[in-house]
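Reader: Hi! I have this one open on my screen and would love a quick tour. Could you walk me through it?

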Amino acid sequence: MTEPTVRIDLGERSYSVRIAAGLLGETGEALAGATGAKQAVVVSDTTVAPLYAQPVLDSLTEAGITSRVLTFPAGESNKTLATVSAVLDGLLLHDPPIDRKSVVVALGGGVVGDLAGFVAAVALRGVRFLQLPTTLLAAVDSSVGGKTGVDHTAGKNLIGAFHQPSGVLCDVETLRTLPKRELRNGLAECVKHAVIRDAELLDFIESHADDFLSGEDGALAFSADGMIELIARNVAIKAKVVAEDERESGVRAHLNAGHTIGHAVETFVGYENIGHGEAVALGLVAENALAVSRGLLRADVADRVKNVLAMLGLPVRQGGLDADEIWRLMQHDKKAMAGRVRIVLPNALGDVNLHDDIETGEVRRALEALQ
Ligand SMILES: NC(=O)c1ccc[n+]([C@@H]2O[C@H](COP(=O)([O-])OP(=O)(O)OC[C@H]3O[C@@H](n4cnc5c(N)ncnc54)[C@H](O)[C@@H]3O)[C@@H](O)[C@H]2O)c1
């Protein structure tokens, strides 16, 4: 298979996403070509660095780029300003410190990418950064589009900046060590992309579901070609949406399909008890049910999406949800405007609209689809 490259078209902030097996070993060459940098700092977490930092460092050395690694403890609970501060110390207090031409290399999942990207946005008022995503979610979603940031006690992703990377190298071989539950988190976002933009992508996911999830944790046995195609199709969708609306003043909001109810469910159930992709799966099922009840979406299409999610091992049922509390959480979501709930509903696969006239009774009935 030829190596797919997806171009993110943003004028002078444009960049390429390369997707192939073995790309970590090309980091140095890519970075030298894209940025001409002489110094790079790899930012990673304590799970990913021992697995994948060495080939990245070797490749940077080979390209004549001085490099070192800074790690922070893995997990969403460390996506904080305190970690940003520690990483900035590592960049600025080192001898020699970074300069304006240095590059931050984000090696890891979405937590590393968001945090390292934010560090790159604020260090010396902005240095360049490269994304090396190692989770499916990071590959198909968070590494593309330039949203960077960290969490605050008041909510997730409340502190951040738009800062586009200089490039994304997605080495699919890294996904073989990813726990299946994490792989499923990424697959939920792929189903979301199919719902908002691409009916054929749902066919593709449906026909490859067994392949993507074959093998045991730590030795996932998917075919590299299937995974490369999955990622390339999804990045192409995200690329198009981001190119149309970089700062989310319009269609970029479509990427929040499944997330309005999904986020509320995630908060209600507790972040430690449910994966983000699992919450998105439940959100998609409930929001599709809402679209059916409004007469927008055919019931058989909603059923099909639900079946694909279930086939991927994602939850499509959740008991014990308190509809009043879910509604309250939806009104307080940062994507709500002045307390008005905004929700993306499909008319058909690949065709969605943003609605801001949702009522509590509809949400109550939609949640019944999860019983
Ligand atoms: N910027 C955006 O546009 C955007 C979009 C969606 C999500 N996000 C953010 O992404 C984050 C979630 O990302 P995530 O799901 O990648 O989580 P994550 O970065 O926490 O990774 C999940 C777990 O897998 C481990 N891991 C990563 N790669 C591995 C590998 N190859 N092998 C074994 N273990 C590996 C990590 O150490 C971590 O423990 C959230 O903070 C979310 O807010 C951002």
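**The core and what surrounds it**

Author: Happy to. This is a predicted model. Its largest nonpolar core has 118 residues, and those with the most contacts inside it are Val104, Val105, Val191 and Ile231.

Reader: Nice. Where does this core lie relative to domain 1 and domain 2?

Author: Between them, because domain 1 (5-178) and domain 2 (257-368) both give residues to the core.

Reader: And how many Å separate the centres of the two domains?

Author: Taken over C-alpha atoms, the centres of domain 1 and domain 2 are 31 Å apart. The bounds, 5-178 for domain 1 and 257-368 for domain 2, come from the domain assignment.

Reader: Back to Val191 for a second. Which residues is it in contact with, leaving aside neighbours within four places in sequence?

Author: Val191 then touches Leu202, Ile205, Leu284, Val305, Val308 and Leu309.

Reader: Good, I'll click through those. Now the sheet: what is the strand order?

Author: The order is S1-S2-S9-S6-S5-S3-S4, an open sheet of seven strands with mixed pairing. At the edges are strand S1 (5-8) and strand S4 (66-72), each of which pairs on one side only. From one strand to the next, the twist averages 20 degrees.

Reader: Do S3 and S5 run parallel or antiparallel, and how many bridges join them?

Author: Strand S3 (residues 39-45) and strand S5 (residues 103-108) run parallel, joined by five bridges. Val42 stands opposite Val105 in S5, and Val105 is one of the residues with the most contacts inside the core.

Reader: Which strands does helix H2 lie across?

Author: Helix H2 (residues 48-62) lies across S3, S4, S5 and strand S6 (128-133), and runs at about 170 degrees to S3. Helix H3 (residues 81-92) lies across S3 and S4, at about 160 degrees to S4.

Reader: Changing topic to H13: which of its residues are buried?

Author: In helix H13 (residues 360-368), Val363, Ala366 and Leu367 are buried. Seen down the axis of H13, the buried residues fall within an arc of 100 degrees, so they line one face of the helix.

Reader: Why would residues three or four places apart point the same way?

Author: An α-helix has 3.6 residues a turn, so residues at that spacing share a direction. On the other side of H13, Gly361 and Glu368 are exposed.

Reader: Last one: what covers the buried residues of H13?

Author: The cover includes helix H9 (259-269), helix H10 (276-293) and helix H12 (323-331).

How values were computed. Residues are numbered from 1 along each chain as its sequence is written. This is a predicted model: local features need pLDDT of at least 70, side-chain atom pairs count only at pLDDT 80 or more; totals for chains, interfaces and linings use all residues. A residue is buried if 20 or more other C-beta atoms lie within 10 Å of its own, exposed if 12 or fewer, and partly exposed in between; C-beta atoms are placed from the backbone. Helices (H or I, at least four residues) and strands (E, at least two) are DSSP runs, numbered from the N terminus. The arc is that of the directions from the helix axis to the C-beta atoms. Two residues are in contact if their C-beta atoms, placed from the backbone, lie within 7 Å. Domain bounds come from an automatic or database domain assignment. Two strands pair if DSSP finds at least two bridges between them. Axes are lines fitted to C-alpha atoms, for helices over the stretch in contact, and angles run from 0 to 180 degrees between N-to-C directions. A nonpolar core is a set of buried Ala, Val, Leu, Ile, Met, Phe, Trp, Tyr and Cys residues joined through C-beta atoms within 7 Å.
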